[in-house]
Amino acid sequence: MIRSIRDIDVKGKRVLTRVDFNVPQDEAGVIIDDTRITESLPTIRTILDGGGIPILMSHLGRPKGTRKVKYSLRPVAAHLAGQLPNVPVHFADDCIGPIAHTVIEEARPGSIVVLENLRFYAEEEANNAAFCRQLAVLGDVYCNDAFGTAHRAHASTAGIAHLFAERCAGILLMKELDYLGSALANPKHPFVAIIGGSKISGKIDVIRSLMASCETILIGGGMMFTFLKAQGMDVGDSLVEPDKIELAGQLLEEAEARNVRLLIPDDTVVATAFNNDAQRKTVHVSDIRSGWMGLDIGPKTIKTFDDVIRSAGTVLWNGPMGVFEMPNFAAGTKAIADSMAAATAGGAVTIVGGGDSAAAIAEFGHKHHVTHVSTGGGASLEFLEGRVLPGVAALDIP
Ligand code: AMP
């Protein structure tokens, strides 16, 4: 059983909370997107309202076990303070040891402590037992609200959990488990999945596992060309994973055997180079010539996909339809974002897996027009593959 922070009496307790403050920053260290900070506020407020002290810990970037100013969480703590007027936010220059202890001892209920970057210690990712104990003494209750790292068995996400009798999930983590879990376990049918992105290799297991519950799977992005190749087509200079062609063929056969519609695009926007300004045209997928590469789905495919999405009960989207970072090849991905918004307005449950699709839905202005945008790219994929996430399993209380 996994308890929610809402069910724990935190009065007067130090709640050691793993958040995901791994925010994108520019060269000067300015936070470009503070979504991850705002997403953690409901849990922080719940602890404060309950009379507890949130002791927040996170990683930021990849400092690889060394202390680097560039990866300090100090600016993040300052940003958090700006979002919570009248709440004192104390920053501890170290995530363990005397510095952390001193700052925590001085903190009173109603205030927050932010610990320095966990990954200044290589022991964090190594899930080192001594490091787990050093962290665990800093709190009375353990709360995990970092869905984005729940697929990693690190010290702060998994290793320390069993050292607490009182351990729980934060509100964001609970929400992710609720939406992704019920989409898989109890979807409103027809259940449609849209899978894109560059390569088929990272998405095989998710496609397989979705076949168990989806009526239709729409394929886009670079991976479509490996499927087309498996159907015997010539795809010119498009991205192909030669060692996955056979597997793509097997997935097509499996889909047919299981009565799942696996739709591969009919048309594609091809270009002479992997460049926004390259010469481009729309062709049928059987007409991709050498010297041309497919960088987006075409208008006919967009229409087909839109019809399928609008008539769905549940839609799950993971991975862009084309090279959406280049404006000339973003139309397919934007169209999917629009279709998702339209489906939501029509009553469908719509879920966007994290990573690039979450960035795309935000970029095209539909972040608030879908049911749920997951905060975890890798974590949401692993969850949808049906795998047990170590960070979630560790919270379980028998
Ligand atoms: P992934 O990390 O596998 O989800 O892939 C995301 C990346 O796939 C994005 O950066 C897209 O630019 C890229 N992508 C999408 N469609 C294509 C394509 N047709 N050819 C090459 N890359 C693509």
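In which pocket does the ligand sit?

1. The ligand sits in the second largest pocket. A pocket is an open set of points on a 1 Å grid over the protein atoms alone, with protein on both sides within 12 Å along at least five of seven lines. To sit there, more than half of the ligand's atoms must lie within 2 Å of the grid points.

2. Basis: this is a predicted model, where local features need pLDDT of at least 70, side-chain atom pairs count only at pLDDT 80 or more, and totals for chains, interfaces and linings use all residues. Residues are numbered from 1 along each chain as its sequence is written, and side-chain values use heavy atoms, with hydrogens and water left out.

3. The ligand has 15 residues around it (a heavy atom within 4 Å). Ser198, Gly294, Gly322, Glu325 and Asp356 are the closest. By class, the shell holds five nonpolar, six polar and four charged residues; Gly counts as polar.

4. Polar contacts are pairs of N or O atoms within 3.5 Å. A ligand oxygen lies 2.9 Å from a polar backbone atom of Ser198. A ligand nitrogen is 3.0 Å from a polar backbone atom of Gly294. Glu325 places a side-chain N or O atom 2.4 Å from a ligand oxygen. The protein covers 78% of the 510 Å² of accessible area that the ligand has on its own (Shrake-Rupley, 1.4 Å probe).

5. The domain assignment (automatic or database) gives domain 1 (5–175) and domain 2 (187–384). Their C-alpha centres are 35 Å apart. Eight residues of domain 1 contact nine of domain 2 (heavy atoms within 4.5 Å).

Technical notes: Polar contact = N/O pair within 3.5 Å; in protein donor to acceptor, adjacent residues only side chain to side chain. 1 Å grid on protein atoms, 1.4 Å probe; cavity = no way out; pocket = protein on both sides within 12 Å on 5 of 7 lines; lining within 4 Å.
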